[in-house]
Amino acid sequence: MQRFFFNKRLVIILITLIIGFSLIAFSIVIRNNRKTPTVVQQFGNSAVGVVNQVVGAPVSGIKTVGTSVSELLNTYSENQQLKKQVDSLASEKVRNQTLTSENKKLKTELKLKSSLTNFDLVSAAVVSRAPSSWQNQLIINKGSLSGIKKNQAVVSQHGLIGRVIEVNSASSKVELISNEDSSSNQFATQVLSKSGNINGLITGYSQNTNLLTMGQITSQKKIEKGDRVITSGLGGNSPEGLYVGRVAKVEKDDYGLASKVLIKPAADLSDLEIVSVAKRAD
Amino acid sequence: MRISKLRYFFPLGLLISLLLDGIFSNLFAANFFQVSSSIESRLIVVWLVMALCFGEIDHPYLWSIIAGAIFDAYYTGIIGPMIMLLPLIVYLTLLMFRFFTPSFIVVLLICLIDITVITFLFYGIFSLISYTDASVATFIGETLGPTLAYNLAAFVILYLPLKKFFEHFSQNRSA
């Protein structure tokens, strides 16, 4: 009798393991596929997303009260600093407007309907974050109903933060650039240096230093510390001109061949409430 | 015969604690995910252990499998890890609980063991499918330690209210 029970338990454990791991394999295949998840999963995720917003509203309300009190204390000194910036911003804004209209005219003259810099932003609220240190993923409250597609780039008000990896009808998952999983980080980027633009790919992230690694650089042009890095729009997923960050360090590759650029990301990846998904116009 | 209200409250609480895990992770991301320490909120395990120790729960395995499926589909998109781990937690808790009478220390230890098991196996599965390349030493120092500390604090705060809650509804049932 004892032996029978032992065998039964063993069989149950084995079957659970087999089912579990085949489910894992199945979902990885789906995830790497270009298509969205299965219908059941999409529906479930959207439903849970709605409940999540209901549960999350009071909690984030309490947090908002806390932060507003602490922000109130800093308001005066911040105001002084901002006043100085506002003057220069106004002139920059006017200049920006003239340049945009000029750009538009030139484009119509060239009969260029859309270039890589054309994109629309869909803003979405971050409703949740995966409670896992291995998967830095956010859940946002917009999905395919708002025109979001898989692999689109996601930005915060400061700069690039990640890409969409799963789209449900009313919610989507965003994988942050801080993920160390190599498949997530391949953004085509460009360093705007004084000697010209240098193209490359973001190939990794180091959690210890909070720096992105940009590799695959073929150009010999000189890159300086502090140069701005933007997305280049090559490769078809992200538009051109999303701000990524500044160059923090330039070093030779492990093989001493091409240089490896370390980038300090502009966006703070741990304080995200509203993000925007960049939809390419083409 | 009266039907226990726990029949509805237990799955509801399971869902809410699951969602709160994610909401807290997002709101306090600056504190949770730091350079050398990252905390995985596991309020769902605290809820499960308290329910199993102090409440009379129908179908704990079924509900834990459903909660695991929601966790996997909603948070990680990789279905499987939590579907296997949450029922394992239920099994472990029931197994350990058989030998003890419920007291603060005993339930606390059961909860800590469960969280250690779930965090360790979650890491194990993710390193198996190479979604992380953190070494075991890094994992123990930077994730397991802070995770246990946070969840211990959560358990201490939630112990009395949850105990009262489950005992209240379980007594109603036997009366």
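The following exchange asks how labels given to this predicted model rest on their definitions.

Student: What makes a feature of this model eligible for discussion?
Tutor: The model is predicted, so local features need pLDDT of at least 70 and side-chain atom pairs count only at pLDDT 80 or more, while totals for chains, interfaces and linings use all residues; side-chain values use heavy atoms, with hydrogens and water left out. Residues are numbered from 1 along each chain as its sequence is written, and chains are lettered from A and ligands numbered from 1 in the order in which they are written.

Student: How many helices and strands does chain A have, and what makes a run count as one?
Tutor: Helices are DSSP runs of H or I with at least four residues, and strands are runs of E with at least two, numbered from the N terminus. By that rule chain A has 2 helices and 12 strands. In sequence order the pattern is α-α-β-β-β-β-β-β-β-β-β-β-β-β.

Student: Why is A:Ser156 called buried?
Tutor: Buried means under 20% relative accessible area, exposed over 50%, and partly exposed in between (1.4 Å probe, protein chains only). A:Ser156 has 10% relative accessibility, so A:Ser156 counts as buried. This residue sits in the loop between β3 (153-155) and β4 (160-167) of chain A. Over chain A, 40% of the 282 residues count as buried.

Student: Which residues are in contact with A:Ser156, neighbours within four places in sequence left aside?
Tutor: They are A:Ile161, A:Ala267, A:Leu272 and A:Ile274, where contact means heavy atoms within 4.5 Å. In chain A, 56% of the contacts with a separation of 6 or more are between residues 24 or more positions apart.

Student: How do you know that A:Glu166 and A:Lys173 form a salt bridge?
Tutor: The term requires a side-chain nitrogen of Lys or Arg within 4 Å of a carboxyl oxygen of Asp or Glu. For A:Glu166 and A:Lys173 the N to O value is 3.0 Å, so the pair meets the definition. Both A:Glu166 and A:Lys173 are buried.

Student: What makes the pair A:Lys194 and A:Glu224 a link between parts apart in sequence?
Tutor: Their side chains meet in a salt bridge at 3.6 Å, N to O. A:Lys194 lies in the loop between β6 (188-193) and β7 (196-206) of chain A, and A:Glu224 in the loop between β8 (211-215) and β9 (228-232), so the pair ties together parts that are 30 residues apart in sequence. A:Lys194 is exposed, with a relative accessible area of 76%, whereas A:Glu224 at 35% counts as partly exposed.

Student: Why do A:Glu251 and A:Lys260 get different burial labels?
Tutor: A:Glu251 has 27% relative accessibility and so counts as partly exposed, while A:Lys260 has 18% and so counts as buried. The closest N and O atoms of their salt bridge are 3.8 Å apart. A:Lys249, A:Glu251 and A:Lys260 are linked in a network of salt bridges.

Student: How many salt bridges does the rule find across the interface of chain A and chain B?
Tutor: The rule finds 0 there, against 6 over all chains of the structure.

Student: What is the buried area between chain A and chain B?
Tutor: Buried area is the accessible area (1.4 Å probe) that two parts lose on being put together, summed over both. For chain A and chain B that comes to about 3,900 Å², 66% of it on carbon and sulfur atoms. A:Arg129, A:Pro131 and A:Trp134 supply 20% of the area that chain A buries against chain B, more than any other three residues. In this interface 42 residues of chain A are in contact with 47 residues of chain B.
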